[in-house]
Amino acid sequence: MARRPQAIEIFGETIAASERKTFNIPIGQLYTHTDIAIPVQVINGKSGGPVLLICAAIHGDELNGIEVIRRVLAAPWLKNLRGTLIAVPMVNVLGIIQRSRYLPDRRDLNRCFPGSEKGSLGGRIANLFVTEILTKCQYAIDLHTGAVNRSNMPQIRVHLENAAAADLAQAFGTPLVIDAPIRDGSLRGAGDDLGIPIITYEAGEALRFDEPAIRVGVKGVRNVMIHLGMLPARRVQKPLPQSFVAKSSSWVRAPADGLFRSSLTLGDRVTRGDVLGIIDGPLGNSEIPVQAPYGGIVIGNTRLPLVNEGEALLHLARFDDMDDVETVVDEFRQEFESNGY
Ligand SMILES: [Zn+2]
């Protein structure tokens, strides 16, 4: 039986059942006296159900999540929503203006949670976000990308000890899950303290739109909503890909300075001793092969060929059942990359 829908109140705005509302949460002014605010959209379903937050760009240069949320908000399937969806596509608006991961004072907003009313700029924004948004939710999906010039294979990061969060990770439907313990000051940490399970979706690179990463993100949000009973199941429900938890992962670093070339792409499997790529100088004749120190799946890579010794080149994740992971990852890549851009 459908639960009775409930109105929800956020920052003085009441969103009634069946209502869709867009509003701003003011966070102050720029020193130019321009008002600055975090845009929010709340969609309240016709019948009651869970309250889910989807948010993006806590790191201001991570854009894929903004596009994921835009597409979710435009999706025709939202008309069947049960419960409430709260969408915050640009949490770090100040970072976005500067096209930067950080706040103007160079703090990382994802290290400022839960924040405080009297704290630094980041602490105040974090505190406002927690009090006005996070505490109104029961579940959250936080959308991220790799750093500048570094791309991530679509993956979910979650602290697997949190069973409710692990359940969301499974429901999202990416083959790769990385067990990531809670970091102090992160939104996930704030969620943990409040008993709100949060998963982090990582895909693509900063300052770019990556079409497969966006599509996987939209599908993952929908999968979680179906799993939570916020949407009816699809008529033809393809089984989710099996999820594999990496045993460990680390970056292979440049053994020398130069130009790095590699034919590997995200999701490729390598075995120990494979040549992952070559570092050479501009005039050639100084080729240095970069070898795989262990076997694994490429889950992240540099997109910039200019490298100094020690720089991160390829992120390799190790799994127990490499053959199975390889098969599932290959099918997953085909599904999301076959339609082109
Ligand atoms: Zn991030």
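Is Asp-105 buried, partly exposed or exposed? I looked this up before anything else in the predicted model. Asp-105 is partly exposed, because its relative accessible area is 33%, and partly exposed covers what is neither under 20% nor over 50%.

**Entry: salt bridges**

I searched the whole structure and got 19 salt bridges. Asp-105 is in one of them, with Arg-107 as its partner and 3.2 Å between the closest N and O atoms. I checked Arg-107 too and noted it as partly exposed, at 41% relative accessible area.

I then took the pair Arg-157 and Glu-202, whose closest N and O atoms are 3.9 Å apart. This pair links distant parts of the chain: Arg-157 sits in strand S8 (residues 150–158) and Glu-202 in strand S10 (residues 198–204), 45 residues apart. Glu-202 has a relative accessible area of 9%, so I put it down as buried.

Next came Arg-261 and Glu-287, whose side chains form a salt bridge with an N to O distance of 2.6 Å. Here too distant parts of the chain are linked, over 26 residues. I placed Arg-261 in strand S13 (residues 258–261), and Glu-287 in the loop between strand S15 (275–280) and strand S16 (288–291). Arg-261 is partly exposed at 42%, and Glu-287 is partly exposed at 48%. I also noted one network, in which salt bridges with shared partners join Glu-67, Arg-70, Arg-71, Glu-211 and Arg-215.

**Entry: zinc site**

I listed the protein donors of the zinc ion as ND1 of His-59, two OE atoms of Glu-62 and ND1 of His-144, at 2.0 to 2.4 Å. The donor residues follow the spacing H-x2-E-x81-H in sequence. What is the geometry at the site of the zinc ion? I recorded it as irregular, with angles of 56 to 145° among the 4 donor atoms; tetrahedral would need all angles between 85 and 135 degrees. I looked up accessibility for two of the donor residues: His-59 is buried at 4%, and Glu-62 is buried at 2%.

**Entry: cavities**

I found 2 cavities of 30 Å³ or more in the whole structure. The largest holds about 50 Å³. Its lining has 6 nonpolar, 2 polar and 2 charged residues, and I noted Arg-188 and Asp-192 among them.

The second largest cavity holds about 30 Å³. I listed its lining as Ile-25, Ile-38, Ile-125, Leu-128, Phe-129 and Ile-133, which divide into 6 nonpolar, no polar and no charged. Helix H3 (residues 121–132) gives the most to this lining, with 3 residues.

Note on methods:
Residues are numbered from 1 along each chain as its sequence is written. This is a predicted model: local features need pLDDT of at least 70, side-chain atom pairs count only at pLDDT 80 or more; totals for chains, interfaces and linings use all residues. Side-chain values use heavy atoms; hydrogens and water are left out. Donors are N, O and S atoms within 2.8 Å of the metal (3.2 Å for Na, K and Ca); water is not among the atoms, so sites may look incomplete. Four donors count as tetrahedral if all angles lie between 85 and 135 degrees; four count as square planar and six as octahedral if opposite donors are over 155 degrees apart and all others between 65 and 115; anything else is irregular. Buried means under 20% relative accessible area, exposed over 50%, partly exposed in between (1.4 Å probe, protein chains only). On a 1 Å grid over the protein atoms alone, a cavity is a set of points where a 1.4 Å probe fits but cannot get out, and a pocket is an open set with protein on both sides within 12 Å along at least five of seven lines; lining residues have an atom within 4 Å of a point. Grid points are joined across faces, edges and corners, and a volume is the space filled by probe spheres set on the points. Ala, Val, Leu, Ile, Met, Phe, Trp, Tyr, Cys and Pro count as nonpolar, Asp, Glu, Lys and Arg as charged, and the others, Gly among them, as polar. Helices (H or I, at least four residues) and strands (E, at least two) are DSSP runs, numbered from the N terminus. A salt bridge is a side-chain nitrogen of Lys or Arg within 4 Å of a carboxyl oxygen of Asp or Glu.
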